[in-house]
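User: I am new to this structure and would like a close look at one part of it. Please pick out a single strand and walk me through its surroundings.

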Amino acid sequence: MRNFSRIIRIRQVRRQSGASSVRFSSTKSNARPSFSLPSSPSTSYRAVTHPEDASAVTPHVQTLLDRANKYILPVYARPPFFLTHGKGSAVWDSQWRKYLDFSAGIAVNALGHGDAGVAEVLATESKKLMHTSNAFHHVWGGKLAELLVTLTQKEGGLGWNVGSHSQSDNSQGAKVFFSNSGTEANEGALKVARMVGKHRWAAKTGKAWDDPSCDKYEIVCFEQAFHGRSLGSLSVTTNPKYQKPFAPLLPGVKVGHFNVTEELDQLVTEKTCAVILEPIQGEGGIHEADPEWLRALRKKCDEVGAVLIFDEIQCGLYRTGSLWAHSTLPVECHPDVVTMAKPLGNGYPIGAVLLRDSVAEPMTAGTHGTTFGGSPLACAVGYHVLSRLSNPGFVANVAETSGYLRARLSQLPKWFPSLLQPEVRGRGFILGLGFKNAAHPAKIVSLARERGVLILTAGKDAVRLVPSLTVGREEVDQAVDVIESCLGLLADS
């Protein structure tokens, strides 16, 4: 296969306006590049350029809306326009209005829209072999699984320090299970943990693993979590808005408070088979796990024989600037299992569970499966995407541009103290602005969209920015200028 890695040229785009200067550290050397930041908030985007009121809906768009409303289950609240195509960080609607996309399909399109490399893999491989089921081997599954494991060993995560494991050393390892989505990856991880819990209970009690008296089945999750909408993952997604209509859910689920160490002894017990969390909560508001809390949680899981699962579906695969959000943490903070999905296929459906060999051991033929998961086409796309995301030049560009985005956002609480909480949340390209009024995030999202920028809400009080990892500095400037203009409008109202 041709090598799809490419040299990433870092664009040095210096914004001309503004007088203040901010410095940030390079992740590749001791050099400290500088950039200029504006000295006051932008007011350039106060006027609506992409109206959404009824008078702006053309007859053609109304026809499309009527058809969608007639035939599609109405579980989504969507604005009244239709996206038709995209390129890089831009998308266009059916009226040829251009939007700057800082939502990236909810943190999916890591390589942006309309990527030529992804399109080439899809076109080439779909002509060869699209689907086999998992009754047969195909070459792409092993290649992608190997890349996931060896990158983790090299770059840190799942118990390996950065660069601590030689690829020729087979003394320890990890396994991969492929799924179609993030919620399926979490379902698979929870199933594995239930199986491991039974086997560990059997080893401790001397009874058979399938003895009805086994009580090691409890699952611990945390407030503000989001792990999916299928029944198992919904059971550990602690939002009453999502859960209440579908109760009763899985039994044996306990909910703790994120970053609260004092309650771990009562929360995680001998009955616990699994603990699941996001190292950076995405949907819940961009809240980052404290390393010392993770260390204490890891220790507690080891004491009781519980499987620790990190859901890195939104924060993993270089969105924070490292392979995993936990890659740079001490191994005493690492999980037994990592789940992933969103960016792995850049929009083509694929998810995966990465688990330590010690956890994978009880999973034998027939204990889990999927018809479509890990298809030849999905794994070929995943291999291409991950090969490019892991390119050192690409990673350096993510670090530099995300540092610039954070610097721009960090000015906003100073300029709008009546609206915003003091600190920017998150890391890399998963960032959040916390608002003092919970009604304001949705308003800012709407105002920004009417000015051609797509952003998201997160939790009860935040706006979320999760752009493509290929975004440029000039696009950062436009997005933040629009947000500043919208904050100014909100402050004046």
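What follows is a short tour that ends up around one strand and its neighbours.

Analyst: This is a predicted model. Start with the whole chain, then close in on strand β16.

The protein chain holds 15 helices and 19 strands. Its C-alpha trace spans about 70 × 60 × 55 Å along the principal axes. How does the radius of gyration of the protein chain fit with a compact globule? For 493 residues, a compact globule would have a value near 23 Å, and the protein chain has 23 Å, so the two agree. Buried residues account for 53% of the 493. Many contacts reach far along the sequence. Of the contacts with a separation of 6 or more, 72% link residues 24 or more positions apart. The chain exposes about 22,100 Å², and 54% of that comes from carbon and sulfur atoms. There are 53 positive and 45 negative charges, and their mean positions lie 4 Å apart.

Now to β16 itself. It covers residues 430–435. Is β16 enclosed or open? Six of its six residues are buried, so the rest of the structure largely encloses this strand. Look at the two faces in turn. Ile430, Gly432 and Gly434 point one way, and they are buried. Leu431, Leu433 and Phe435 point the other way, and they are buried too.

Next, the partners of the strand. Which strands pair with β16? One is β15, residues 420–427, which runs antiparallel to β16 and is joined to it by five bridges. Within that pairing, Arg427 has Ile430 as its bridge partner. The two strands form a hairpin with two residues between them. Gly428 in this hairpin takes a positive phi near 60°.

Another partner is β19, which spans residues 462–465. Four bridges join β19 to β16, again in the antiparallel sense. Here Gly432 is matched with Arg464. Gly432 is also one of the buried residues of β16.

A helix packs here as well. Helix α14 runs from residue 440 to 449, and seven of its ten residues are buried. These are His440, Pro441, Ile444, Val445, Leu447, Ala448 and Arg449. Why might buried positions recur at such spacings? An α-helix has 3.6 residues a turn, so residues three or four places apart point the same way. The buried residues of α14 pack against β16 and β19, and also against β5, β17, β18 and α15. Helix α14 therefore touches both β16 and its partner β19, since its buried residues pack against each of them.

Two of those contacts lead into a separate sheet. Strands β3, β4, β5 and β17 form an open sheet in the order β3-β4-β5-β17, with mixed pairing. At its edges are β3 (83–87) and β17, each pairing on one side only. Strands β5 and β17 run parallel and share two bridges. Leu100 has Val453 in β17 as its bridge partner.

To recap, β16 is a strand with six of six residues buried. Strand β15 joins it by five bridges, and β19 by four. The buried residues of α14 pack against it.

Definitions and conventions
Residues are numbered from 1 along each chain as its sequence is written. This is a predicted model: local features need pLDDT of at least 70, side-chain atom pairs count only at pLDDT 80 or more; totals for chains, interfaces and linings use all residues. Side-chain values use heavy atoms; hydrogens and water are left out. The radius of gyration is taken over C-alpha atoms; the globule rule is 2.2 Å times the number of residues to the power 0.38. Buried means under 20% relative accessible area, exposed over 50%, partly exposed in between (1.4 Å probe, protein chains only). Contact means heavy atoms within 4.5 Å. Accessible areas come from the Shrake-Rupley method with a 1.4 Å probe; for residues, only the protein chains shown count as cover. Lys and Arg count as positive and Asp and Glu as negative; His and the chain ends are not counted. The place of a charge is taken as NZ of Lys, CZ of Arg, CG of Asp or CD of Glu. Two strands pair if DSSP finds at least two bridges between them.
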